[in-house]
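Dear colleague,

I am handing over the structure below, and after it you will find my notes on what turned up when I went through it. Please read them with the model open beside you.

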Amino acid sequence: MVRSAWLIPVLLTLLPAAAGAQDSAKKDDWPCVQVLQPELSVGAMWPGDDPTVNGPSWRDDAVVAALVERVAPRRVTVDQATAEIKRFAAGYEGDRKVALSELFAGLFESINGERATIIRGIRRFNARQAALAQRIEETTAALDGVDANSTDMAVAQKRQQLETQLTWDQRVFDERERLLPAICDQPFVLERRLFALSRTIQEEIGK
């Protein structure tokens with residue numbers, strides 16, 4: 001029996017493996033109920049001038065770049081990241097507004113990039129599911145064409161092989177489908193994360 005504990009690591013490896021896939025795909029390649037927004041908007045999360053327009057200038061400040069590296073990853077909780085940002089803002093001796101604006105630019109670039117990779121992975125996942133569904137359909141048709149009442153050993157063996165393949169493929173397909181809601185939520189988890197961190201940064205600028 002296929003179990004989630006076995007499938008989840010496999011599915012997670014598919015996400016970064018899809019990083020080179022193209023985003024410009026048809027609408028039916030998106031299997032999630034959530035409405036897809038391929039790219040996040042800076043304007044929806046940041047008031048005033050766009051701090052990302054000047055390119056990756058945040059990388060030029062080693063302190064800011066190190067903070068981005070610490071708080072951007074999903075393994076760091078929002079509460080932990082928020083606390084790090086507040087400590088940084090409280091102890092920064094230079095132009096806090098500039099540094100915090102660069103911090104947002106770094107987080108936006110990092111989190112939006114990770115989100116785009118996951119979206120490509122979901123599309124790859126959907127393509128694999130479509131291919132598996134097609135194979136299930138073809139196996140079912142082949143099985144229907146094999147005489148279940150035949151006494152020929154070769155025919156019986158062929159039928160057994162088809163039944164085994166069909167059972168396995170159907171179990172894998174169904175298990176992946178059960179995992180799909182959690183997978184589909186990941187881009188939106190990242191979007192909410194970025195919004196929360198952006199709000200914290202803005203509050204610190206306003207102090």
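To begin with a question of packing: at what angle do helix H3 and helix H4 pack, and how far apart are their axes? Before the answer, please keep in mind that this is a predicted model. Helix H3, which covers residues 78-91, packs on helix H4, residues 96-144, at an angle of about 155°, and their axes lie 10 Å apart. Since angles over 145 degrees count as roughly antiparallel, H3 is therefore roughly antiparallel to H4. The crossing in which H3 passes H4 is right-handed. On the H3 side the contact is made by Ile-85, Phe-88 and Ala-89, which meet Arg-96, Ala-99, Leu-100, Leu-103 and Leu-107 of H4. By character, the residues of this contact divide into seven nonpolar and one charged, with no polar residue among them.

H4 also packs against helix H5 (residues 153-184), again at an angle of about 155°, here with the axes 9 Å apart. That angle makes H4 roughly antiparallel to H5, but the crossing in which H4 passes H5 is left-handed. The residues of the contact between H4 and H5 comprise 14 nonpolar, five polar and seven charged.

For the overall setting, the protein chain contains six helices and zero strands, so that, read from the N terminus, its elements run α-α-α-α-α-α. Of the 207 residues in the protein chain, 38% are buried. If one takes the contacts between residues at least 6 apart in sequence, 85% of them join residues at least 24 apart.

Helix H2 (residues 62-71) is a good place to look at burial, and its buried residues are Val-64, Ala-65, Leu-67, Val-68 and Val-71. Viewed down the axis of H2, these buried residues fall within an arc of 160°, and so they line one face of the helix. Ala-62 and Glu-69, by contrast, are exposed on the other side of H2. What lies over the buried residues of H2 includes H3, H4 and helix H6 (186-205).

Two residues of H4 may be worth inspecting one at a time. Ile-111 is found in helix H4, and with a relative accessible area of 0% this residue is buried, because the cut-off for that term is under 20%. Leaving aside neighbours within four places in sequence, Ile-111 is in contact with Ala-72, Leu-190, Arg-193, Leu-194 and Leu-197. Ile-111 and Val-68, which is one of the buried residues of H2, are 43 residues apart in sequence, while their C-alpha atoms are 9.9 Å apart in space.

The second residue is Ser-101, also found in helix H4. Is Ser-101 buried or exposed? Its relative accessible area is 15%, and Ser-101 is therefore buried. Not counting residues up to four places away in sequence, Ser-101 touches Trp-46, Pro-51 and Ile-205.

With kind regards

Notes: Residues are numbered from 1 along each chain as its sequence is written. This is a predicted model: local features need pLDDT of at least 70, side-chain atom pairs count only at pLDDT 80 or more; totals for chains, interfaces and linings use all residues. Side-chain values use heavy atoms; hydrogens and water are left out. Axes are lines fitted to C-alpha atoms, for helices over the stretch in contact, and angles run from 0 to 180 degrees between N-to-C directions. Helices (H or I, at least four residues) and strands (E, at least two) are DSSP runs, numbered from the N terminus. Angles under 35 degrees count as roughly parallel, over 145 as roughly antiparallel, 65 to 115 as roughly perpendicular and the rest as oblique. A crossing is left-handed if the near helix is turned anticlockwise from the far one by less than a right angle, and right-handed if clockwise. Contact means heavy atoms within 4.5 Å. Ala, Val, Leu, Ile, Met, Phe, Trp, Tyr, Cys and Pro count as nonpolar, Asp, Glu, Lys and Arg as charged, and the others, Gly among them, as polar. Buried means under 20% relative accessible area, exposed over 50%, partly exposed in between (1.4 Å probe, protein chains only). The arc is that of the directions from the helix axis to the C-beta atoms.
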